[in-house]
Amino acid sequence: MLLEGALGTPHSSRGRSPDTDTDAMTAGPGPSTGDATLRRRIEPWEFESFFDPRVLRRETCLLYEIQWGRSQKLWRSSGRNTTNHVEVNFIGKLTSERHFQPAIGCSVTWFLSWSPCWECCKAIGEFLSQHPNVKLVIYVARLFHHTDERNRQGLRDLINSGVTIQIMTAVEYCHCWKNFVNYPPGEEAHWPRFAPQWMSLYALELHCIILSLPPCLMISRRYQNQLTLFQLTLQSCHYQVIPAHILLAAGLIPAAVTWR
């Protein structure tokens, strides 16, 4: 299987400098000027550029939600790479917040344009081991240098430590648009509809990582044609171990097949 996507800035170094029904939304006004999150929202073009699964933009963007204890209120904000990766920046900022009390439970949800590198996975793991009351869920738009075994092991270590890691779907894109993007008035329902095939490819590869299987997704670039190529190369071990619904979503087995 070979698919083509738009070419973005190459990610040669990561130096990278609930809504459940997406069809039920109706167009409404833009974020209210009285919205406390307005100054922390990103622009629509930034959201699309950072989170388009086909575009390999080097810099990483983080959108995050924090819920303290039993409070129903969510704190939302965003971050990007500086001299440190955005994940490390978040940890430093969270621990310096006056609201941060290690004894109080804290639920954190990340929406990342790239999955964490192995060094960030290590930093995240150390932070969580020191603060067991912090629970972390991570949604990612793309997998960073996913053929590097250090990055693959880093993600596995996080998952084994209790962190939930998933590929963003239309539900998460819709949620981020409504809650993190300064969309124009009347554009609430006009979040970018990225083709689900790209999400399925990354979800398939994430399962390979979780199950310690060899990589099956290869990404290459044709700079002259401004294209990024996504190619699947599966071995028998992939078909034997990966759940059928994941293979079906990626178009690798027909719906009529009964998988045992």
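Eight helices and eight strands make up the secondary structure of the protein chain in this predicted model. The chain has 260 residues, of which 47% count as buried. Its accessible surface comes to about 12,800 Å², and carbon and sulfur atoms account for 51% of that area.

A good place to start looking is helix 5, which spans residues 170–180. Nine of the 11 residues of helix 5 are buried, so the helix is largely enclosed by the rest of the structure. The buried set is a mixed company: Glu172, Tyr173, Cys174, His175, Cys176, Trp177, Lys178, Asn179 and Phe180. Charged residues, namely Glu172 and Lys178, are thus found among the buried positions of helix 5, alongside aromatic residues such as Tyr173 and Trp177.

The aromatic residues deserve a closer look. A search of the whole structure returns 12 aromatic pairs. In one of these, Phe47 and Trp177 meet in a tilted arrangement, with 6.2 Å from centre to centre and 55 degrees between the planes. This pair links distant parts of the chain, since Phe47 belongs to helix 1 (residues 44–51) and Trp177 to helix 5, with the two positions 130 residues apart in the numbering. Both partners, Phe47 and Trp177, are buried. The contact is also part of a wider arrangement: ring pairs join Phe47, Phe51, Tyr173, Trp177, Tyr183 and Phe194 into a cluster. Of the cluster members, Tyr173 and Trp177 appear again in the list of buried residues of helix 5.

Rings in this model also receive charged side chains. Arg57 lies over the face of Phe50, at 3.9 Å from the ring centre. A second case involves Arg142, whose charged end sits over the ring of Trp114, 4.9 Å from the centre of that ring. Trp114 can be placed relative to another arginine as well: the C-alpha atoms of Arg58 and Trp114 are separated by 8.9 Å, although the two residues are 56 residues apart along the chain. Arg58 itself is found in the loop between helix 1 and strand 2. With a relative accessible area of 29%, Arg58 is partly exposed.

Following the chain onward from that loop leads to a hairpin. Strand 2 (residues 61–68) and strand 3 (residues 75–80) pair in the antiparallel sense over six bridges. Within this pairing, Glu65 has Arg76 of strand 3 as its bridge partner. Six residues lie between the two strands of the hairpin, and Gly69 in the turn has a positive phi of about 50 degrees.

Salt bridges add another set of contacts, eight in the structure as a whole. Asp52 and Arg54 form one of them, with their closest N and O atoms 2.7 Å apart. The two partners differ in their surroundings: Asp52 is buried, because its relative accessible area is 4%, whereas Arg54 counts as partly exposed at 27% relative accessibility. A similar contrast is seen for Arg156 and Glu149, which form a salt bridge whose closest N and O atoms are 2.4 Å apart. Here Arg156 is the buried partner, with a relative accessible area of 8%, and Glu149 is partly exposed, with 43%. In a further bridge, the side chains of Asp148 and Arg150 meet at 3.0 Å, N to O. Asp148 counts as partly exposed at 23% relative accessibility, and Arg150 likewise counts as partly exposed, at 48%.

Towards the later part of the numbering, attention turns to nonpolar side chains. Ile210, Leu211 and Val241 make a nonpolar surface patch of about 210 Å². Val241 lies in helix 7, which covers residues 236–241. At 41% relative accessibility, Val241 counts as partly exposed. Leu213, by contrast, counts as buried, because its relative accessibility is 10%. The place of Leu213 is in the loop between helix 6 (196–210) and strand 7 (217–222). From this loop, the C-alpha atom of Leu213 is separated by 9.5 Å from that of Gln235, a residue 22 positions away along the chain.

Terms used. Residues numbered from 1 in each chain as written. Predicted model: local features only at pLDDT ≥ 70, side-chain atom pairs only at ≥ 80, totals over all residues. Heavy atoms only, no water. Phe/Tyr/Trp six-rings, centres within 6.5 Å; stacked < 30°, edge-to-face > 60°. Helix = DSSP H or I, 4+ residues; strand = E, 2+ residues; numbered from the N terminus. Buried < 20%, exposed > 50% of the residue type's maximum accessible area, 1.4 Å probe, protein only. Lys NZ or Arg CZ within 6 Å of the ring centre and 35° of its normal. Pairing = 2+ DSSP bridges. Patch = residues over 30% accessible without salt bridge, like charges linked within 9 Å, V, L, I, M, F, W, Y side chains within 5 Å. Areas by Shrake-Rupley, 256 points an atom, 1.4 Å probe, with all protein chains shown as cover. Salt bridge = Lys/Arg side-chain N within 4 Å of Asp/Glu carboxyl O.
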